[in-house]
Amino acid sequence: MIASLRGNLLRLDLDSILIEVSGIGYEVMIPFPLHLELRESVGKEIFIHCFHSISDRGQKLFGFQTNKDRELFKLIKSLHGIGELTALKILSFFRADDLYQIAQADDRKTLEKIPKVKGKTSEKILFEIKQNLKKLESFLQDSDKEFGPVHIQDDLAILALIQLGYDEKTANREVDLIRKSTPDLEAGEIVRKVITK
């Protein structure tokens, strides 16, 4: 099983990377926060923690910045009815603290900010997270300015704009401009302001 990789980052896509280790290129699927972390690392050596998925359909590698992120992914994907790709999508939008707050507030609307997570799908995810709050508690962080509410809302807005067709550089610039003029907006309001400019 592949638990980690150290090598040269050859390519960085929105949801995957290509990392060369001893002449072998590994394609690794990643959550959006890791994409943001690696923006300045193309052509450089990086280290990532991996989850190696092996099934009848083939093999996949999922990459994470920390071992804690990998373990959280393993927890989310182990919940009933939530597979690996859905777990990765959830972790592209929310950290453990966010999921905990969403579950405690029974806030399905926030969960539905994830593309294609609507109706019964969001109900099922919310139900499973609520049933596993005790397990989730071990992943909660102390207050951390870097990943505070504003940082998360900015990341959500950038990801949404990229999915709407904006390139990453433009999305970052537009979100920064909106954030400077109106610092308290949530992701959805930021996106609306950008696309209606």
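**Aromatic pairs, salt bridges and strand pairing in a predicted model**

A search of the whole structure finds 5 aromatic pairs. One of these is formed by Phe62 and Phe73, whose rings are tilted with respect to each other, with 5.0 Å from centre to centre and 35° between the planes. Because Phe62 lies in strand 5 (residues 58-64) and Phe73 in helix 2 (residues 67-78), the pair ties together parts that are 11 residues apart in sequence. Phe62 is buried, its relative accessible area being 0%, and for Phe73 the relative accessible area is likewise given as 0%, so that this residue is buried. Ring pairs also link Phe62 and Phe73 with Phe51 and Phe64, and the four residues are thereby joined into a cluster. The model described here is a predicted one, and the values reported for it are to be read with that in mind.

Charged side chains were considered next. Side chains of opposite charge can pair when their charged atoms come close. In this model, 11 salt bridges are found. One of them joins Lys130 to Asp106, with the closest N and O atoms 3.0 Å apart. Lys130 belongs to helix 6 (residues 119-131), whereas Asp106 is in the loop between helix 4 and helix 5 (108-111), so this salt bridge ties together parts that are 24 residues apart in sequence. Both partners fall into the intermediate class of accessibility: Lys130 counts as partly exposed because its relative accessibility is 36%, and Asp106 counts as partly exposed because its relative accessibility is 46%. Asp106 follows helix 4 and has a positive phi, near 50°. In helix 4 itself (residues 96-104), the buried residues are Ala96, Asp98, Leu99, Tyr100, Ile102 and Ala103.

A further salt bridge is found between the side chains of Glu112 and Arg108, at 3.1 Å from N to O. Arg108 has a relative accessible area of 32% and is therefore partly exposed. Arg11 and Asp13 also form a salt bridge, in which the closest N and O atoms are 2.7 Å apart. With a relative accessibility of 30%, Arg11 counts as partly exposed, and Asp13, at 29%, counts as partly exposed too. These two residues are linked with Glu27 in a network of salt bridges.

The strands at the start of the chain were then examined for their pairing. Strand 1 (residues 4-12) and strand 2 (residues 16-21) run antiparallel and are joined by 4 bridges, and a hairpin of 3 residues connects the one strand to the other. Within this pairing, Leu9 stands opposite Ile19 of strand 2. Strand 2 is also paired in the antiparallel sense with strand 3 (residues 24-29), over 6 bridges, and here Glu20 has Gly25 in strand 3 as its bridge partner. The hairpin of strand 2 and strand 3 has 2 residues between the strands, and in this hairpin Ser22 takes a positive phi near 50°.

Lys180, finally, is placed in helix 9 (residues 168-181). Its relative accessibility is 72%, and because residues over 50% are classed as exposed, Lys180 is counted as exposed. The C-alpha atoms of Lys180 and His52 are 41 Å apart in space, while the two residues are separated by 128 residues in sequence.

Conventions
Residues numbered from 1 in each chain as written. Predicted model: local features only at pLDDT ≥ 70, side-chain atom pairs only at ≥ 80, totals over all residues. Heavy atoms only, no water. Pairing = 2+ DSSP bridges. Buried < 20%, exposed > 50% of the residue type's maximum accessible area, 1.4 Å probe, protein only. Salt bridge = Lys/Arg side-chain N within 4 Å of Asp/Glu carboxyl O. Phe/Tyr/Trp six-rings, centres within 6.5 Å; stacked < 30°, edge-to-face > 60°.
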